[in-house]
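Open your viewer and get ready to select residues by number. We will go from stop to stop, and each stop says what is there.

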Amino acid sequence: MKLAGKLAAAACLATALSLTVVGGATAKNFKMAVGDAHGSAQHELGTKFVELFEAKTGGKHTAKMFLNGQLGSEQDTVNDAAIGTLDFSLLAINNITPFSPSVGVFTLPYVILSLEDAEKLTQGDIGKELVANTIRDAGVRIVGWTYTGFRVLTNSKKPIKTLEDLQGVIVRVPKNEIMIASYKAWGINPTPMAWSETFTALQQKVVDGQDNPYLTVHSMKFYEVQKYVTALRYIFSIEPLIVSESVFQDMDEATQKAVIDAGLEATLHSAAHLRKSEAAIKEDLLAKGMQIDEPADGEKAWIEAATKAVWPEFFDSIGGVEKLNTVLKSLGRDPVQ
Ligand code: MLT
């Protein structure tokens with residue numbers, strides 16, 4: 001049998017195995033890829049979603065999480081969901097932007113300045129528009145939002161407070177053009193790398209540092225291989241729960257409603273979880289030996305360099321400067337032009 005034929009046969013078998021007929025209706029065990037580890041903000045949202053989804057379908061459907069990138073890199077899971085070989089994925093927004101560039105407005109440095117900003121944008125009209133764009137561009141539907149906090153810079157070399165301190169440090173970033181451009185604006189060439197390879201690269205000192213929120217640094221045990229933290233606020237990490245649009249369209253109306261309602265409730269739970277847990281997690285990182293420094297001068301030089309160079313570079317891909325201005329206006333901030 002040719003490879004394509006074998007793959008098709010394997011896909012049919014896999015589908016048949018995950019479907020069971022219960023009382024005349026087809027029950028399914030959905031698969032959810034999760035990029036992060038047990039105890040992460042993604043895991044917290046995923047657990048809540050699964051619990052709510054199963055309850056809302058009266059136990060007819062189940063869902064199982066596969067943590068720690070077991071089902072592939074975060075960007076690969078977007079492809080898999082797009083072609084319908086994966087049902088759900090929980091991943092950082094920066095790993096969706098390459099497939100649906102307008103989502104980049106949430107990754108532009110210093111646009112989202114608080115959890116309240118993140119909630120307002122994701123749960124309001126702008127969030128709805130980005131959900132529609134992502135279905136159109138990437139074949140996946142965002143049904144929930146994880147709020148994980150600001151991405152802080154960690155490294156194993158030295159305390160970093162100024163842009164001068166940053167020079168010469170090798171920093172891993174996701175394969176995301178906006179984040180690459182941000183570090184270039186700060187004077188260094190970062191190393192783009194899949195999330196699933198990051199811990200080992202830090203451990204083997206292929207790279208010196210990376211950025212991710214406190215909750216992620218903690219759940220991924222980065223304190224074992226990183227010492228210094230710079231409390232940057234350049235990107236507030238939002239991590240969507242996506243469902244394959246073709247899988248979603250194959251669901252009956254009641255199951256679709258269960259997905260949407262469970263996603264919304266899990267989103268609210270995620271915000272409450274961040275509010276409740278972030279301070280204690282930061283304390284625990286200190287107790288585990290990390291050193292946390294504030295960027296010098298209220299982060300002024302970092303903010304100026306990144307917004308001046310990076311915002312204009314991405315106006316076109318996010319849908320024009322008007323798009324950024326709509327976002328800024330909705331957050332009560334001044335437009336850029
Ligand atoms: C990344 O750095 O690629 C992501 O933030 C990883 C994650 O999902 O936490």
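This tour visits the domains, the interface, the ligand and some salt bridges.

**Stop 1: the two domains.** Keep in mind that you are looking at a predicted model. Select 3–148 together with 238–276 and give them one colour: that is domain 1 in the domain assignment. Now select 152–235 together with 282–330 for domain 2. Each domain is assigned two stretches of the chain. The C-alpha centres of the two domains are 25 Å apart.

**Stop 2: the interface.** Show where domain 1 and domain 2 touch. Here 31 residues of domain 1 are in contact with 33 residues of domain 2. About 2,600 Å² is buried between the domains. Carbon and sulfur atoms give 67% of that area. Which three residues supply more than any other three of the area that domain 1 buries against domain 2? Select L108, P109 and Y110: they supply 28% of it.

**Stop 3: polar links across the interface.** Stay between domain 1 and domain 2. Seven residue pairs are in polar contact there. On the domain 1 side, four elements give two or more residues: α3 (74–82), α4 (115–123), α5 (125–138) and α11 (253–287). Colour the residues on that side by class. You should find twelve nonpolar, 15 polar and four charged residues. How many salt bridges cross the interface? The rule finds one.

**Stop 4: K323 and E129.** Select both side chains. They meet in a salt bridge, with N and O 2.6 Å apart.

**Stop 5: the ligand.** Centre the view on the ligand. It is surrounded by 13 residues. The closest are D36, E74, R151, R172 and N212. Show the side chain of R151: one of its polar atoms lies 2.8 Å from a ligand oxygen. Next, pick N95. An N or O atom in its side chain is 3.2 Å from an oxygen of the ligand. Then pick E239. A polar atom of its side chain is also 3.2 Å from a ligand oxygen.

**Stop 6: K60 and D252.** The structure holds 16 salt bridges. One of them joins K60 and D252, whose closest N and O atoms are 3.5 Å apart. Why does this pair tie together parts that are 192 residues apart in sequence? Because K60 sits in the loop between α2 (41–56) and β3 (62–66), while D252 sits in the loop between α10 (245–250) and α11.

Terms used: Residues numbered from 1 in each chain as written. Predicted model: local features only at pLDDT ≥ 70, side-chain atom pairs only at ≥ 80, totals over all residues. Heavy atoms only, no water. Domains from an automatic or database assignment. Contact = heavy atoms within 4.5 Å. Buried area = accessible area lost by both parts, 1.4 Å probe. Salt bridge = Lys/Arg side-chain N within 4 Å of Asp/Glu carboxyl O. Polar contact = N/O pair within 3.5 Å; in protein donor to acceptor, adjacent residues only side chain to side chain. Nonpolar A, V, L, I, M, F, W, Y, C, P; charged D, E, K, R; others polar. Near = heavy atom within 4 Å.
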